[in-house]
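Welcome! Below are some short exercises, each with a worked solution to follow at your own pace. Please take a look at the sequence and the structure before you begin.

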Amino acid sequence: MWERIKGKLSRGKITVKIIIIQTVIFLVLNLSSVLFSSHIIDFQLINYFQFPTELSEFLFQPWSIFSSIVSHLTLDHFFFNMLFFVLS
């Protein structure tokens, strides 16, 4: 399975690459949320991906311009964005 995914990432279409990357980010963010709610970790990873509301926070998180686009927490949000992405 991992070999197939690595093959798709190395020689697949850009659409497939983006979907795989966004799927991994979705799974990591949701795992982080579960671990946080179970008190196993003491920070929410999504805070590093979301666009900050304060300019002073943004200065220390410039990547959030792009990472906020790919951060999805609910399955329906993720599914419909991927569907839109594939159909466009």
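Buried means under 20% relative accessible area, exposed means over 50%, and partly exposed lies in between. Keep in mind that this model is predicted.

**Exercise 1. Describe the protein chain as a whole: which elements does the protein chain hold, and what box do its C-alpha atoms fill?**

Solution.
- Step 1: Start with the elements. The protein chain has five helices and zero strands, and its pattern along the sequence reads α-α-α-α-α.
- Step 2: Turn to the dimensions. Along the principal axes, the C-alpha atoms fill a box of roughly 40 × 30 × 25 Å.
- Step 3: Look at the surface. The accessible surface comes to about 6900 Å², and 71% of that belongs to carbon and sulfur atoms.
- Step 4: Look at burial and contacts. The protein chain has 88 residues, of which 20% count as buried. Of the contacts between residues at least 6 apart in sequence, 35% join residues at least 24 apart.

**Exercise 2. Check the span of α2: what should its 24 residues span, and how far apart are its end C-alpha atoms?**

Solution.
- Step 1: Find the helix. Helix α2 covers residues 14–37.
- Step 2: Work out the expected span. The rule is 1.5 Å times one less than the number of residues, so the 24 residues of α2 should span 34 Å.
- Step 3: Compare with the model. The end C-alpha atoms of α2 are 35 Å apart, which agrees with the expected span.

**Exercise 3. Work out how α2 and α5 are arranged: are these helices roughly parallel or roughly antiparallel to each other?**

Solution.
- Step 1: Take the geometry. Helix α2 packs with helix α5 (residues 75–87) at an angle of about 170°, and their axes are 11 Å apart.
- Step 2: Apply the cut-off. Angles over 145 degrees count as roughly antiparallel, and α2 and α5 are therefore roughly antiparallel to each other.
- Step 3: List the contact. From α2 come T15, I18, I19, Q22, T23 and F26, while α5 supplies L75, F78, M82, F85 and V86.
- Step 4: Sort these residues. The contact has eight nonpolar residues, three polar residues and no charged ones.

**Exercise 4. Follow three residues of this contact, Q22, F78 and M82: is each buried or exposed?**

Solution.
- Step 1: Begin with Q22, which sits in helix α2. Q22 counts as buried because its relative accessibility is 9%. Leaving aside neighbours within four places in sequence, Q22 is in contact with V70, H72, F78 and M82.
- Step 2: Cross over to F78 in helix α5. F78 has a relative accessibility of 10%, so F78 counts as buried. Not counting residues up to four places away in sequence, F78 touches Q22, T23, F26 and H72. F78 and F26 are 52 residues apart along the chain, and their C-alpha atoms are separated by 7.6 Å.
- Step 3: Finish with M82, also found in helix α5. M82 counts as buried because its relative accessibility is 9%. With neighbours within four places left aside, M82 is in contact with I19, Q22 and H72. M82 and T15 are 67 residues apart along the chain, with 9.7 Å between their C-alpha atoms.

**Exercise 5. Compare S32 and F36: which residues does each touch, and is each buried or partly exposed?**

Solution.
- Step 1: Place them. S32 is in helix α2, and F36 is in helix α2.
- Step 2: Classify S32. With a relative accessible area of 7%, S32 is buried. The buried residues of α2 are I20, Q22, I25, F26, L29 and S32.
- Step 3: Classify F36. A relative accessible area of 30% makes F36 partly exposed.
- Step 4: List the partners, not counting residues up to four places away in sequence. S32 touches I41, F43, Q44 and L45, and F36 touches I41, D42, F43 and Q44.

**Exercise 6. Look just after α2: what phi does H39 take?**

Solution.
- Step 1: Place H39, which lies in the loop between α2 and α3 (55–58).
- Step 2: Read its phi. H39 takes a positive phi of about 65°.
- Step 3: Set this against the usual case. Most residues other than glycine have a negative phi.
- Step 4: Classify H39. Its relative accessible area is 72%, so H39 is exposed.

Methods
Residues are numbered from 1 along each chain as its sequence is written. This is a predicted model: local features need pLDDT of at least 70, side-chain atom pairs count only at pLDDT 80 or more; totals for chains, interfaces and linings use all residues. Side-chain values use heavy atoms; hydrogens and water are left out. Axes are lines fitted to C-alpha atoms, for helices over the stretch in contact, and angles run from 0 to 180 degrees between N-to-C directions. Helices (H or I, at least four residues) and strands (E, at least two) are DSSP runs, numbered from the N terminus. Angles under 35 degrees count as roughly parallel, over 145 as roughly antiparallel, 65 to 115 as roughly perpendicular and the rest as oblique. Contact means heavy atoms within 4.5 Å. Ala, Val, Leu, Ile, Met, Phe, Trp, Tyr, Cys and Pro count as nonpolar, Asp, Glu, Lys and Arg as charged, and the others, Gly among them, as polar. Buried means under 20% relative accessible area, exposed over 50%, partly exposed in between (1.4 Å probe, protein chains only). Accessible areas come from the Shrake-Rupley method with a 1.4 Å probe; for residues, only the protein chains shown count as cover.
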